[in-house]
Amino acid sequence: MEDIHRILEALQQCRQRSVLATITRVEGSAYRKEGASMLLFENGTQVGVLSTGCLEADIAARVPELLAAGVPHTFTFDLDAADPLSWGEGPGCGGVIQVTAVAVGDSLRRHLLMLKDYLDDQTEVMLILKNSAGPLGTGYNFVTSSRHRFGEWPGAFPEALLDWAVARIGWRSGMQIVPGEAEEVFVHTYFPKPRLTLFGAGPDARPLASFAAAAGFTVTVTDWRAALCDRSFFQDAHTLLDGFPEETAGRIRWTPNDYVVIMTHHFRRDQELIRILSSHNLAYVGILGSKRRTQRLLDGGSLPEHWHAPVGLPIGAEGPEEIAFSIVAELIQVYRTSRKRRLSYEAT
C-alpha cells in the first residue's frame with residue numbers, strides 16, 4: 001500500500017528534522033509512479049522508497065542543503081540512458097523521474113498530521129501542489145470530498161478549483177491544468193489504509209493478521225472467546241474486539257474500503273455473519289472453508305458480489321501460513337484491481 005501511512009506515523013512519533021520527497025512527474029517506465037513519497041530524517045533514517053535504490057542515495061546526500069534552504073527543490077533523474085557517463089552510472093532502468101523535495105517545517109508538519117487524521121477516519125484527501133519550483137509553504141492545499149481544505153496558498157483559493165478538486169478526488173495523479181491557474185499544478189489523492197476485519201481468532205488467524213498488517217492493511221480481530229482474542233497472539237493487529245459477531249459487527253462503521261474474512265469455525269456464527277454483512281457494501285468478504293460447507297451456510301442462496309469462497313488464491317496452500325499467504329495475495333489482487341478499475345472509469 002502507499003508509503004504515506006508509514007511516513008505520517010513516523011512524523012507523529014519523531015520531531016527530528018526531515019525532508020519529504022515526492023515523485024511529481026514520470027515519463028516512460030518507472031518502479032514508482034506520481035505521488036510516491038519518502039521521508040528522510042536528518043540522522044539518515046528513511047521511510048518509504050521512490051525507486052529500486054537508484055534515487056535514494058542522491059536525495060539523501062542533498063538533505064543537509066534542503067534543510068538549510070527550507071524551500072523545495074525539484075530534481076530530474078534520467079534513468080533511460082545506458083551511457084555510463086549519465087546520471088546514476090547507467091542504471092538503464094528506463095524513464096525520466098521528477099522529484100520535488102522540501103524540508104518539513106512546522107506548518108507543513110501540522111498539515112501532514114491533519115492529513116493523517118483524515119486518512120485514519122477513512123477519508124480520501126487530494127493534494128494540490130502549486131508551482132513545485134517555488135516555496136511549498138505558500139503553494140499547497142489538501143482537499144476533502146466534504147470541501148474542507150487546509151494548507152498554504154498564495155491569495156484566495158479559487159472556488160472553481162475547489163469544485164474541480166472535489167469532483168476529481170481519486171483520479172489519476174500527475175501534473176494537471178486546473179481552473180484559475182495559468183501553469184500546471186501537481187495533484188494526487190491519498191487513500192485511507194484498507195481495513196481488514198477477521199471474524200475468528202483461532203490459531204489460523206494469527207499469521208493472517210500478521211501478513212495482512214505487513215502488506216499495509218489495518219487489521220481488526222474479533223472473537224467472543226477472550227482467551228483467543230488476546231494481544232499476545234495478535235501483536236500486529238490495530239484493534240481487538242471481544243464479543244459475539246452480532247455485537248462486534250454492530251460496533252464497526254462499515255465502508256466500501258472494508259475487507260472481511262469469516263473464519264470462526266463455528267457454523268451458526270458464520271451464518272449470522274453472512275446475514276449481517278450481506279446488508280453492507282464491502283470491498284471484499286472471504287469465507288474460510290470448503291465449497292460444500294459454504295453451500296450449507298448459504299442454505300440454497302448465492303454469494304453476494306465481491307464475496308469469495310473458498311477464500312484465497314488457488315495456490316494449493318496447506319497449513320495456516322500458506323493459507324494466510326493465499327488470502328493476503330487475494331486481498332492485494334482485489335485492492336489493486338479495484339483501484340485500476342476506478343481509474344479506468346474516471347479516464348472515460
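Start by selecting Glu 272, which you will find in helix H8, residues 267-277. This is a predicted model, and Glu 272 is our way into it. With a relative accessibility of 23%, Glu 272 counts as partly exposed. Now add Leu 297 to your selection. Leu 297 is 25 residues away from Glu 272 along the chain, and the C-alpha atoms of the two are separated by 9.4 Å.

**Stop 1: the whole view**

Zoom out to see the entire protein. How many helices and strands are there in the protein? There are ten helices and 16 strands. The radius of gyration is 23 Å, close to the 20 Å that the globule rule gives for 348 residues, so the protein is as compact as a globular protein of that length. Turn the C-alpha trace around: along its principal axes it spans about 65 × 50 × 40 Å.

Try a surface display next. The accessible surface comes to about 16500 Å², and carbon and sulfur atoms account for 50% of it. Of the 348 residues, 48% are buried. If you look at contacts between residues at least 6 apart in sequence, 55% of them join residues at least 24 apart.

Colouring by charge is worth a try too. You should find 34 positive and 41 negative side chains, with the centres of the two sets 5 Å apart.

**Stop 2: a salt-bridge network**

Side chains of opposite charge can pair when their charged atoms come close. The structure holds 16 salt bridges, and we will visit a few of them.

Select Asp 3 and Arg 6. They form a salt bridge, with the closest N and O atoms 3.1 Å apart. Asp 3 counts as buried because its relative accessibility is 10%, under the 20% cut-off. Arg 6, at 44%, counts as partly exposed.

Keep Asp 3 and add Arg 32. These two side chains also meet in a salt bridge, at 3.0 Å from N to O. This pair links distant parts of the chain: Asp 3 sits in the segment before helix H1 (4-13), while Arg 32 sits 29 residues away in the loop between strand E1 (18-27) and strand E2 (37-41). Are Asp 3 and Arg 32 buried or exposed? Both Asp 3 and Arg 32 are buried.

**Stop 3: Arg 147 and its partner**

Move to Asp 163 and Arg 147, whose side chains meet in a salt bridge at 2.8 Å, N to O. Asp 163 lies in helix H5 (residues 159-168) and Arg 147 in the loop between strand E7 (140-144) and strand E8 (149-152), so the pair ties together parts that are 16 residues apart in sequence. Asp 163 is partly exposed at 39% relative accessibility, and Arg 147 is partly exposed with a relative accessible area of 34%. As for the earlier stop, salt bridges that share partners join Asp 3, Arg 6 and Arg 32 into one network.

Stay on Arg 147 and look at its backbone. Its phi is near 75°, a positive value in a residue other than glycine.

**Stop 4: two buried residues**

Select Leu 50, in the loop between strand E3 (46-47) and helix H2 (56-61). At 0% relative accessibility, Leu 50 counts as buried. Which residues is Leu 50 in contact with, leaving aside its neighbours within four places in sequence? Among them are Ala 21, Ile 23, Met 38, Ile 59 and Val 99, and also Arg 32, the residue you saw paired with Asp 3.

Next, select Phe 77 in strand E4 (residues 73-78). Phe 77 counts as buried at 2% relative accessibility. Add Gly 95: Phe 77 and Gly 95 are 18 residues apart in sequence and 8.4 Å apart in space, C-alpha to C-alpha.

**Stop 5: helix H6 and some backbone details**

Select helix H6, residues 205-214. Its buried residues are Ala 205, Pro 207, Leu 208, Ala 209 and Ala 212. Just after H6, Gly 216 takes a positive phi of about 110°.

Another positive phi belongs to His 265, near 60°. His 265 is found in the loop between strand E14 (258-262) and H8, the helix that holds Glu 272. At 55% relative accessibility, His 265 counts as exposed.

Finish at Pro 310, in the loop between strand E16 (307-308) and helix H10 (319-347). The peptide bond from Ala 309 to Pro 310 is cis, with omega near 0°.

Definitions and conventions:
Residues numbered from 1 in each chain as written. Predicted model: local features only at pLDDT ≥ 70, side-chain atom pairs only at ≥ 80, totals over all residues. Heavy atoms only, no water. Helix = DSSP H or I, 4+ residues; strand = E, 2+ residues; numbered from the N terminus. Rg over C-alpha atoms; globule rule 2.2 N^0.38 Å. Buried < 20%, exposed > 50% of the residue type's maximum accessible area, 1.4 Å probe, protein only. Contact = heavy atoms within 4.5 Å. Areas by Shrake-Rupley, 256 points an atom, 1.4 Å probe, with all protein chains shown as cover. Lys, Arg positive; Asp, Glu negative; His and termini not counted. Charge placed at Lys NZ, Arg CZ, Asp CG, Glu CD. Salt bridge = Lys/Arg side-chain N within 4 Å of Asp/Glu carboxyl O.
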